[in-house]
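Let's take a look at how the strands and helices of this protein are put together. Keep the structure open while you read.

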Amino acid sequence: MSALRIGFVLFPNLTQLDFTGPLQVLHRMPGATTVLAAKTRAPVPSDCGLDLLPTTTFAECGPLDLLCVPGGFGVDGAIEDDETLSFVREQGSRATYVTSVCTGAFVLGAAGLLQGKRATTHWAYHHLLPRVGATPVKARVVRDGNTFTGGGVTAGIDFALTVVAELAGEAAARSIQLGIEYDPRPPFDGGAPERA
């Protein structure tokens with residue numbers, strides 16, 4: 001597989017696992033390099049007190065092959081920030097793959113990148129996807145053309161493994177899954193509203 005440049009968008013109060021789950025999977029993909037882009041190189045606070053260190057700024061980033069936008073409570077601020085939306089819009093218009101996890105879908109939508117696309121997001125916000133031009137699909141991962149969206153938080157790992165299988169093959173995805181021992185058996189069967 002040829003080199004693939006993957007960029008994650010960082011903004012204040014993003015949900016850490018929306019970002020770190022997919023990062024852990026995607027950085028292990030053969031031929032992939034990852035960059036963490038933000039407005040500045042200053043630490044970006046996540047929603048749980050963990051500061052994240054960008055590796056590049058929006059201005060210095062350069063073209064990405066795969067754009068990934070995490071979600072979280074900071075999405076409200078991100079969709080109102082011209083610099084963040086401009087970066088997402090510009091990168092998304094030329095990237096081979098445009099992706100999001102959880103409510104990061106709304107950042108893609110606010111940038112005009114979900115118009116007429118099938119998409120998913122966190123269950124609590126699923127009904128709002130039409131407001132950004134998307135058709136809601138209840139699934140942990142939804143693909144529409146070159147756009148992949150993941151459901152809420154932990155679905156980011158499923159999303160990333162789906163992307164790896166698409167880009168590097170199922171064997172690579174299975175190898176990464178084994179390497180991170182992703183074999184979920186939650187103690188409770190309440191991770192979806194219909195079972196909670």
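## Two strands side by side

In this predicted model, strand E1 (residues 4–9) and strand E6 (residues 66–69) run parallel, and three bridges join them. Want a spot to look at? Find Ile-6, which stands opposite Leu-66 in E6.

In general, strands of a sheet pair through backbone hydrogen bonds, and they can do that either parallel or antiparallel.

## The whole sheet

Now zoom out. E1 and E6 belong to an open sheet of seven strands, and the order goes E5-E2-E1-E6-E7-E11-E10. The pairing across this sheet is mixed.

Which strands stand at the edges? They are strand E5 (56–57) and strand E10 (141–144). Each has a single partner strand, so one side of each has no neighbour in the sheet.

## Helices lying across

Helix H3 (residues 82–94) lies across E1, E2, E6 and E7, and runs at about 145° to E6. Helix H1 lies across E1, strand E2 (32–38) and strand E7 (97–101), running at about 170° to E1.

## Where two helices meet

H1 (residues 16–26) also has a helix for company: its axis and that of helix H5 (residues 155–168) come within 8 Å and cross at roughly 25°. Because angles under 35 degrees count as roughly parallel, H1 is roughly parallel to H5. The crossing of the pair is right-handed.

On the H1 side, the residues in contact are Gly-21, Pro-22, Val-25 and Leu-26. They meet H5 residues including Phe-159, Leu-161 and Val-164. The residues of this contact split into nine nonpolar, two polar and no charged.

Terms used
Residues are numbered from 1 along each chain as its sequence is written. This is a predicted model: local features need pLDDT of at least 70, side-chain atom pairs count only at pLDDT 80 or more; totals for chains, interfaces and linings use all residues. Side-chain values use heavy atoms; hydrogens and water are left out. Axes are lines fitted to C-alpha atoms, for helices over the stretch in contact, and angles run from 0 to 180 degrees between N-to-C directions. Helices (H or I, at least four residues) and strands (E, at least two) are DSSP runs, numbered from the N terminus. Angles under 35 degrees count as roughly parallel, over 145 as roughly antiparallel, 65 to 115 as roughly perpendicular and the rest as oblique. A crossing is left-handed if the near helix is turned anticlockwise from the far one by less than a right angle, and right-handed if clockwise. Contact means heavy atoms within 4.5 Å. Ala, Val, Leu, Ile, Met, Phe, Trp, Tyr, Cys and Pro count as nonpolar, Asp, Glu, Lys and Arg as charged, and the others, Gly among them, as polar. Two strands pair if DSSP finds at least two bridges between them.
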